[in-house]
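This report looks at how the two copies are related, how one sheet is put together, and what surrounds one helix. The sequence and the structure come before the discussion.

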Number of protein chains: 2
Amino acid sequence: MKFGVNYTPSQGWFYMWLHPDWDTVHRDMDHIASLGVDHVRIFPLWPILQPNRTAINTSGLKDLHRMVGVAGKAGLDCYVDVLQGHMSSFDFLPSWMLSWHKKNMFTDPAAVQAQAELVAAVYDDLHDLSCFAGLTLGNECNQFAGSSHPSPMRASNEDIEAWLRELLKPVTKRAHQDGRVVLHCENDEVWYSDGHPFLPEYAANIGDITAIHSWVFNGTAQHYGDLSQESVRHAEYLVQLAQAFANYADRKVWVQEIGAPLNVIAPEHAAQFCRESIEHILDSNNVYGLTWWCSHNVDQRYADFPTLEHELGLFDVDGKLTPIGYSFKEVVRQYQNPCKVEARPQALVIDTDSEGLPILRASLSPGGSVFDRWMELSAAGERPSLVLSKDLADHRLLEERGIGSHHSVEPKAGKLYSSVSDSSVL
Amino acid sequence: MKFGVNYTPSQGWFYMWLHPDWDTVHRDMDHIASLGVDHVRIFPLWPILQPNRTAINTSGLKDLHRMVGVAGKAGLDCYVDVLQGHMSSFDFLPSWMLSWHKKNMFTDPAAVQAQAELVAAVYDDLHDLSCFAGLTLGNECNQFAGSSHPSPMRASNEDIEAWLRELLKPVTKRAHQDGRVVLHCENDEVWYSDGHPFLPEYAANIGDITAIHSWVFNGTAQHYGDLSQESVRHAEYLVQLAQAFANYADRKVWVQEIGAPLNVIAPEHAAQFCRESIEHILDSNNVYGLTWWCSHNVDQRYADFPTLEHELGLFDVDGKLTPIGYSFKEVVRQYQNPCKVEARPQALVIDTDSEGLPILRASLSPGGSVFDRWMELSAAGERPSLVLSKDLADHRLLEERGIGSHHSVEPKAGKLYSSVSDSSVL
């Protein structure tokens with residue numbers, strides 16, 4: 001079980017990539033290492049790394065190499081997301097994707113090829129660094145295909161599957177030889193939004209690990225309360241969802257993002273939210289790691305961020321530990337070596353078609369019948385798991401997962417879910 | 001009369017701003033100076049200078065300062081465009097303008113304020129450099145409001161007037177004290193496109209000089225021929241148009257962009273096109289200067305440019321003079337000190353409303369009745385000028401402009417005009 005932090009530079013946010021201040025990066029990484037964590041996840045910006053479709057910025061790659069090296073020097077493994085893409089409500093798109101050159105990143109063959117080349121180039125750039133531990137295609141690229149996006153890039157399910165495989169292909173074999181992981185990640189639209197072309201099946205089976213991003217600003221904290229079972233078990237629930245959609249019982253799940261958004265969590269409850277969320281996550285097996293969002297607060301000098309983004313840090317902009325930071329550090333110390341836990345023999349059934357696509361993803365979302373029933377059983381101490389209806393005849397899988405009994409829930413849609421972090425600001 | 005060059009870096013195009021290679025910039029500026037010109041026009045990129053709405057990148061300003069200094073060292077004055085914005089078919093928009101943060105650059109008060117702050121910051125940054133000669137708000141920002149844009153930012157005429165004045169305001173007084181010019185510039189939609197919210201009146205009266213950008217890929221060269229009178233007099237015609245819309249007879253016009261696009265001009269005709277175009281421009285008084293587009297070819301390694309953009313340079317990417325370069329250099333040498341020319345006593349009338357807005361801008365465009373009649377008279381050696389119907393009673397203005405007679409043309413729309421450089425590519 002790995003513990004880590006999503007790195008948001010204390011000075012300059014991700015704009016820092018324009019002119020990296022290495023003293024700041026060194027200091028930030030040392031602060032992060034002082035939490036007792038073993039890794040960081042870092043985010044270069046797409047328009048800087050690939051300003052033209054056929055030109056990768058070698059100086060940008062050098063900066064990336066240097067940053068990963070600084071993390072390593074601080075004793076941290078480093079996971080790198082390639083395509084940002086999307087960060088904290090901002091979309092960073094290179095000019096060759098925009099307006100006159102409007103390209104669909106998922107379906108335009110030339111754009112897909114360019115992205116695959118960038119993925120390969122980033123891997124090549126970093127391959128000599130032993131602290132380079134893994135590569136994620138990009139942060140929540142699925143947001144560009146989501147129906148809530150102001151100008152969505154339309155893609156079919158098949159387009160998305162092809163895009164994922166095309167981008168992972170150039171690096172998967174090498175990464176496995178090198179003992180590294182390669183994966184993709186999405187926000188919770190993949191689990192909760194019917195019609196979303198990124199499918200749970202892809203999340204849970206393509207790439208080496210399933211990444212989940214758990215954000216209770218999605219309606220959960222607002223409706224149920226910031227310290228409700230629903231809120232503090234939201235990440236645990238996503239872990240169970242991810243495991244249900246995996247074709248193999250030993251598929252690992254990475255809680256790649258979880259944070260305490262203070263627009264929906266009372267500041268005085270944030271520390272408790274952090275502790276309880278992590279303790280619940282540790283009640284599942286096959287959790288690869290947990291990476292808190294985020295290292296440093298976003299400086300108030302920067303405009304147009306949803307307010308909550310300024311207050312997610314384990315450190316403030318001066319490098320001072322925040323209350324959430326204290327709590328996280330303590331929990332990490334306490335659970336450095338978590339024990340294997342018991343299986344979860346009682347499963348709730350998710351109705352799917354024969355391909356494993358849920359009949360109603362909204363039933364899995366906050367306020368949906370599966371979500372609510374799972375939370376009810378959890379609150380009663382039942383430790384429910386989840387299983388797909390299409391897998392009920394797969395006795396070997398059920399056995400490997402330790403599932404002994406299952407019962408159905410009539411799929412009813414939840415009406416609470418929103419993927420947007422703070423709709424009052426955007 | 002100033003002669004100059006629009007500077008397109010030989011290596012890295014404008015992506016170069018991400019990591020300037022100063023040796024290359026030095027070499028490029030020396031090459032440009034060897035043409036015998038007195039100035040360059042340079043273009044930083046907006047997302048680099050202002051990555052967040054409330055944060056101007058001081059390191060980016062340092063790079064800009066250094067580049068202007070390098071130009072000065074090569075003996076060149078330097079004019080700087082602030083908001084790029086738009087370059088050679090690519091739009092460079094900061095993330096705080098895009099998608100979730102979709103802002104209308106012309107009408108969103110916070111966005112307008114941010115732009116005005118950037119204009120002021122660029123001026124402040126450069127004010128100590130004696131070679132810093134003037135500031136243009138940005139390159140053809142009007143394209144963002146044009147109806148041909150794939151996602152136009154809608155704005156009324158009044159919005160645009162307010163935007164121009166708001167952005168010029170913070171620097172105008174200082175610039176005049178310092179002996180510098182401040183201005184704005186548009187592509188030819190301002191003169192030719194009915195409904196376009198950037199009006200001829202604004203172009204010809206707001207700011208210190210009227211900038212014109214003359215590009216015969218707008219239908220002129222295609223229809224009339226690459227060495228037709230219409231093509232080689234297109235810039236001269238725009239100078240006359242600009243003077244017609246000015247409220248004062250001594251308003252200066254800057255031919256800020258003119259180039260020989262090889263998608264519509266046969267390569268073997270480019271040198272002649274260059275010479276004849278410039279000679280015709282010199283047949284007008286009150287021309288502030290002429291700035292050729294562009295210094296260096298765009299490297300073929302970069303994708304998605306309209307083909308013509310790779311071949312506009314006076315130098316190739318290795319710094320070798322191109323055929324157009326030879327011609328331009330020769331013409332500059334020959335016309336270093338052009339004489340004052342005779343007035344143009346015969347004027348064609350442009351029908352306008354009482355505010356000076358043409359009844360039919362399409363009649364001024366290629367194939368329009370005013371355009372065609374002016375070209376016919378010019379070809380016959382008549383040296384026609386242009387005058388607004390609303391000014392016909394302004395005897396003092398007519399006298400100052402030396403206009404003795406005028407005659408009308410029935411306004412009929414041209415059907416040749418397109419503002420897009422190469423619609424087969426975009």
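## A sheet and the helices across it

Angles between elements are taken between N-to-C directions and run from 0 to 180 degrees, with axes fitted as lines to C-alpha atoms, for helices over the stretch in contact. In this predicted model, helix α10 of chain A, residues 234-244, lies across β11 and β12 of chain A and runs at about 30 degrees to β12(A). Helix α13 of chain A, residues 369-379, lies across β11, β12 and β13 of chain A, and its direction is at about 170 degrees to β11(A).

The strands beneath this description form an open sheet of 3 strands in chain A, in the order β12-β11-β13 and with parallel pairing. Because β12 (385-388) and β13 (405-408) of chain A each have a single partner strand, they stand at the edges, and one side of each is left without a neighbour in the sheet. From one strand to the next the twist averages 40 degrees. Strand β11 of chain A, residues 346-350, pairs with β12(A) in the parallel sense over 4 bridges, and A:I350 stands opposite A:L388 in β12(A).

## Helix α1 and the nonpolar core

Helix α1 of chain A covers residues 22-33, and its 12 residues reach 16 Å from the first C-alpha to the last, close to the 16 Å expected at 1.5 Å a residue. Buried positions in α1(A) are A:W22, A:T24, A:V25, A:D28, A:M29, A:H31 and A:I32. The elements that cover the buried residues of this helix include β1 (2-6), β2 (39-42) and α3 (58-73) of chain A.

Which residues touch the most other members of the largest nonpolar core? Within that core of 274 residues, they are A:M29 and B:M29. When neighbours within four places in sequence are set aside, A:M29 is in contact with A:Y7, A:V40, A:I42, A:M67, A:V70, A:A71, A:A74 and A:L76.

## Relation between the two chains

A turn of 180 degrees, with a shift of 0.0 Å along the axis, lays chain A on chain B with an RMSD of 0.0 Å. This is the relation of a two-fold axis. The same surface serves both copies, since 100% of the contact residues of chain A recur in chain B. Among the residues of chain A, A:L18 comes closest to the rotation axis, with its C-alpha at 3.3 Å.

Terms used: Residues are numbered from 1 along each chain as its sequence is written. Chains are lettered from A and ligands numbered from 1 in the order in which they are written. This is a predicted model: local features need pLDDT of at least 70, side-chain atom pairs count only at pLDDT 80 or more; totals for chains, interfaces and linings use all residues. Side-chain values use heavy atoms; hydrogens and water are left out. A nonpolar core is a set of buried Ala, Val, Leu, Ile, Met, Phe, Trp, Tyr and Cys residues joined through side-chain atoms within 4.5 Å. Buried means under 20% relative accessible area, exposed over 50%, partly exposed in between (1.4 Å probe, protein chains only). Contact means heavy atoms within 4.5 Å. Copies are superposed by least squares on the C-alpha atoms of residues with pLDDT of at least 70 in both. Two strands pair if DSSP finds at least two bridges between them. Helices (H or I, at least four residues) and strands (E, at least two) are DSSP runs, numbered from the N terminus. The expected span of a helix is 1.5 Å times one less than its number of residues.
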